[in-house]
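Please look over the sequence and the structure shown below before reading on. The paragraphs that follow walk through pockets, core and charged pairs in turn.

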Amino acid sequence: MKPVRRDFLMELPKPELHCHLDGSLRIDTILDLAIKNKIELPATDRDELIKAVTVQGRVKSLEEYLDKFQITLAVLQTPEALERVAFELGQDAAAENVRHIEVRYSPILHLENGMTPMESLDGVIKGLRQAELEFKISTGVIICGIRNFSIESSIELAELAI
């Protein structure tokens, strides 16, 4: 049996479901957003930052794994940053011949600088809509509740989804 070639897989049309927005940032985008928004990162060297945001080997707990997201969440605290990252995610997906992508994220993780959940969602939707126009893909957003947050926050997110 011949191994499947990467270029063959890239040519296949496909969907991507349950894609984590805050886990899909380009390294150069993290660096750029950190500079623009004066955010301190654990590393400013590209290779060191890749190590900081990438799980290396086995992790001891879910918390250790999720800790990596603190870096990406730090640079996703403005509507403009969310719009840019959503657009780039659509662009990257289209480059892999993804025809439909469902992007999941929780607006309540992006409110540190006073952004509202609606402003957060608007930024993501605006970036995805631009990617749809430019790259001829379709997109959707999955709004996620966070299980260790309050019931009220989950209700607020459900209302936002509606």
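**A walk from pockets to salt bridges**

The second largest pocket holds about 240 Å³ of space, in what is a predicted model. Its lining is made up of 15 residues, and those that lie nearest its centre are Asp22, Gly23, Ser24, Val53 and Phe69. Strand β1, which covers residues 14-20, helix α2 and helix α5 each supply at least two residues of this lining, and the largest share, three residues, comes from β1. Sorted by class, the lining of the second largest pocket has eight nonpolar, five polar and two charged residues.

The largest pocket, for its part, contains about 640 Å³ of space. It is lined by 18 residues, of which Leu66, Leu109, Ile146, Asn148 and Phe149 are the closest to its centre. Helices α4 (62-66) and α5 (69-74) each contribute at least two residues to the lining of the largest pocket, with α4 giving the most, four residues. By class, the lining of the largest pocket comprises eight nonpolar, five polar and five charged residues.

From the pockets we can turn to the interior. Which residues of the largest nonpolar core touch the most other members? Among the 34 residues of this core, they are Leu21, Ile30, Leu41, Leu49, Val75 and Ile101. Helices α2, α3, α6, α7 and α8 (151-161), together with strand β2 (98-105), each supply at least two residues of the core, and α6 gives the most, with six residues. Leucine 21 can serve as an example of the contacts made: leaving aside residues up to four places away in sequence, leucine 21 touches Leu82, Val85, Ala86, Leu89, Val103, Arg104, Tyr105 and Val124.

The charged side chains add another layer to the picture. Side chains of opposite charge can pair when their charged atoms come close. A search of the whole structure finds 10 salt bridges, and one of them is formed by arginine 46 and aspartate 28, whose closest N and O atoms are 2.9 Å apart. Because arginine 46 lies in helix α3 (residues 46-53) and aspartate 28 in helix α2 (residues 27-36), this pair ties together parts that are 18 residues apart in sequence. Arginine 46 counts as partly exposed, at 39% relative accessibility, and aspartate 28 also counts as partly exposed, at 44%.

Helix α2 takes part in another such link, for aspartate 32 forms a salt bridge with arginine 84, the closest N and O atoms being 2.5 Å apart. Since aspartate 32 belongs to helix α2 and arginine 84 to helix α6 (residues 79-95), the pair ties together parts that are 52 residues apart in sequence. Aspartate 32 is partly exposed, with a relative accessible area of 26%, and arginine 84 is partly exposed as well, with a value of 25%.

A salt bridge can also be found within one helix: arginine 129 pairs in this way with glutamate 132, and their closest N and O atoms are 3.2 Å apart. Both residues are in helix α7 (residues 117-135), and because they are three residues apart there, about one helical turn separates arginine 129 from glutamate 132. Arginine 129 is partly exposed, having a relative accessible area of 38%. Elsewhere, salt bridges that share partners join Arg26, Asp32, Lys36, Arg84, Glu88 and Asp92 into one network.

Key: Residues are numbered from 1 along each chain as its sequence is written. This is a predicted model: local features need pLDDT of at least 70, side-chain atom pairs count only at pLDDT 80 or more; totals for chains, interfaces and linings use all residues. Side-chain values use heavy atoms; hydrogens and water are left out. A salt bridge is a side-chain nitrogen of Lys or Arg within 4 Å of a carboxyl oxygen of Asp or Glu. Buried means under 20% relative accessible area, exposed over 50%, partly exposed in between (1.4 Å probe, protein chains only). A nonpolar core is a set of buried Ala, Val, Leu, Ile, Met, Phe, Trp, Tyr and Cys residues joined through side-chain atoms within 4.5 Å. Contact means heavy atoms within 4.5 Å. On a 1 Å grid over the protein atoms alone, a cavity is a set of points where a 1.4 Å probe fits but cannot get out, and a pocket is an open set with protein on both sides within 12 Å along at least five of seven lines; lining residues have an atom within 4 Å of a point. Grid points are joined across faces, edges and corners, and a volume is the space filled by probe spheres set on the points. Ala, Val, Leu, Ile, Met, Phe, Trp, Tyr, Cys and Pro count as nonpolar, Asp, Glu, Lys and Arg as charged, and the others, Gly among them, as polar.
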